[in-house]
Amino acid sequence: MKKILKFLLKGFIGVVALLLIVFIVLKLTFNEQVPEGTTGKPADELAMKMLDAINHKEFTQASELHWTFRGVNRYRWKLQQNLVDVYWDDYRVAYQTRYPQSSFAFKNEVKLEGKEREEAIAYAEKNFNNDSFWMVAPHKLFDAGVKRSVVQVDDKEQLLVQYTSGGSTPGDAYLWELDENYQPVAFKMWVSIIPLDGIRATWQDWEMTDGGFPLSRKRSLYGIEIPITQVKVVP
């Protein structure tokens with residue numbers, strides 16, 4: 001028995017050591033600093049070209065946007081009402097995007113109160129902020145607290161977007177790579193929830209929706225696709 005335990009302990013230490021080495025290598029590889037760029041009119045003009053390329057006006061006029069994230073969280077976002085119904089397990093939160101504390105929470109359609117309500121609303125808020133960003137990040141260039149900069153990369157203009165306030169993770173930065181028509185194709189990320197700097201995610205397979213604006217159907221992080229399914233736009 002002692003030999004078996006000793007063998008298992010050595011194996012465990014070996015796996016931990018390997019994971020540590022992999023993390024160190026990745027950290028050394030992805031240690032790019034947030035670039036500096038030009039703010040002001042040039043950045044705003046580039047941001048507007050990007051929004052025009054994805055029909056941002058039509059997006060703002062849409063009635064509802066539905067999707068499922070990771071097969072767990074389901075969303076029914078009523079854009080004109082600043083309200084989103086968030087579903088998971090037996091829970092539903094009628095989440096007020098402008099006034100979160102005015103939201104209502106339910107479990108098995110029984111209204112929650114007190115600590116249970118607060119915890120459900122906090123879950124809905126945190127997950128909606130993350131999951132909706134992966135859904136519509138290109139449309140969030142002029143949100144409150146956003147700093148925009150033009151960065152020259154290989155003689156091409158890229159748009160650096162820094163979220164200085166708001167959301168669940170203020171301080172995050174994204175460097176958008178655009179094609180010849182100013183449609184986004186990828187961004188590099190500097191975010192608090194990922195301990196790697198400058199990691200790249202692609203936004204591909206843009207398709208027109210019933211709302212008159214396109215959405216990326218394939219968002220990938222180094223070959224791993226972001227799990228967004230059951231997308232529906234209600235004009």
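Let us start with a single residue of this predicted model: Lys140 is partly exposed, at a relative accessible area of 23%. The side chain of Lys140 meets that of Asp143 in a salt bridge, with 2.7 Å from N to O. Asp143 also counts as partly exposed, with 30% relative accessibility.

Now compare that pair with a group of charged residues elsewhere in the chain. Salt bridges with shared partners tie Lys78, Asp85, Arg92 and Glu109 into one network. Within this network, Lys78 and Asp85 are joined by a salt bridge of 3.4 Å, N to O, and both of these residues are buried. Asp85 forms a salt bridge with Arg92 too, where the closest N and O atoms are 3.7 Å apart. How buried or exposed are these two partners? Asp85 has a relative accessible area of 6% and is buried. Arg92 has 17%, and because buried means under 20% relative accessible area, Arg92 is counted as buried as well. In total, the structure holds 11 salt bridges.

With those details in hand, step back to the whole chain. It has 235 residues, of which 39% count as buried, and its secondary structure comes to 4 helices and 14 strands. The accessible surface is about 13,800 Å², and 54% of that belongs to carbon and sulfur atoms. Among contacts with a separation of 6 or more, 44% are between residues 24 or more positions apart.

A good landmark to find next is an open sheet of 7 strands, paired antiparallel in the order β7-β8-β9-β10-β11-β12-β13. The edges are taken by β7 and β13 (224-225), each of which has a single partner strand, so one side of each lacks a neighbour in the sheet. Helix α2 (residues 41-53) packs on this sheet, where it touches β7, β8, β9, β10 and β12 (214-221), and its direction makes about 90° with that of β7.

You can walk across the sheet from the β7 edge. Strand β7 (residues 146-153) runs antiparallel to strand β8 (residues 156-163), and 8 bridges join the two. Here Arg148 stands opposite Val161 of β8. The hairpin of β7 and β8 has 2 residues between the strands, and Asp154 takes a positive phi near 55° in it. Next comes the antiparallel pairing of β8 with strand β9 (residues 173-178), over 4 bridges, in which Gln162 has Ala173 of β9 as its bridge partner. From β9 the path leads on to strand β10 (residues 184-190), again antiparallel, over 6 bridges. Tyr174 stands opposite Met189 of β10.

What fills the interior? In soluble globular proteins, nonpolar side chains tend to be buried together. In this model the largest nonpolar core has 53 residues, and those touching the most other members are Leu65, Trp67, Trp134, Trp176 and Phe187. Helix α4 (residues 114-136) gives the most to this core, with 8 residues. Trp176 is a useful residue to click on: leaving aside neighbours within four places in sequence, its contacts include Met50, Pro138, Leu141, Leu159, Val161, Phe187 and Trp203. Apart from the largest core lies another, of 5 residues, with Val151, Ala173, Leu175 and Trp190 among them. Ala173 thus brings us back to the sheet, where it is the bridge partner of Gln162.

Technical notes. Residues are numbered from 1 along each chain as its sequence is written. This is a predicted model: local features need pLDDT of at least 70, side-chain atom pairs count only at pLDDT 80 or more; totals for chains, interfaces and linings use all residues. Side-chain values use heavy atoms; hydrogens and water are left out. Two strands pair if DSSP finds at least two bridges between them. Buried means under 20% relative accessible area, exposed over 50%, partly exposed in between (1.4 Å probe, protein chains only). Contact means heavy atoms within 4.5 Å. Accessible areas come from the Shrake-Rupley method with a 1.4 Å probe; for residues, only the protein chains shown count as cover. Axes are lines fitted to C-alpha atoms, for helices over the stretch in contact, and angles run from 0 to 180 degrees between N-to-C directions. A nonpolar core is a set of buried Ala, Val, Leu, Ile, Met, Phe, Trp, Tyr and Cys residues joined through side-chain atoms within 4.5 Å. A salt bridge is a side-chain nitrogen of Lys or Arg within 4 Å of a carboxyl oxygen of Asp or Glu.
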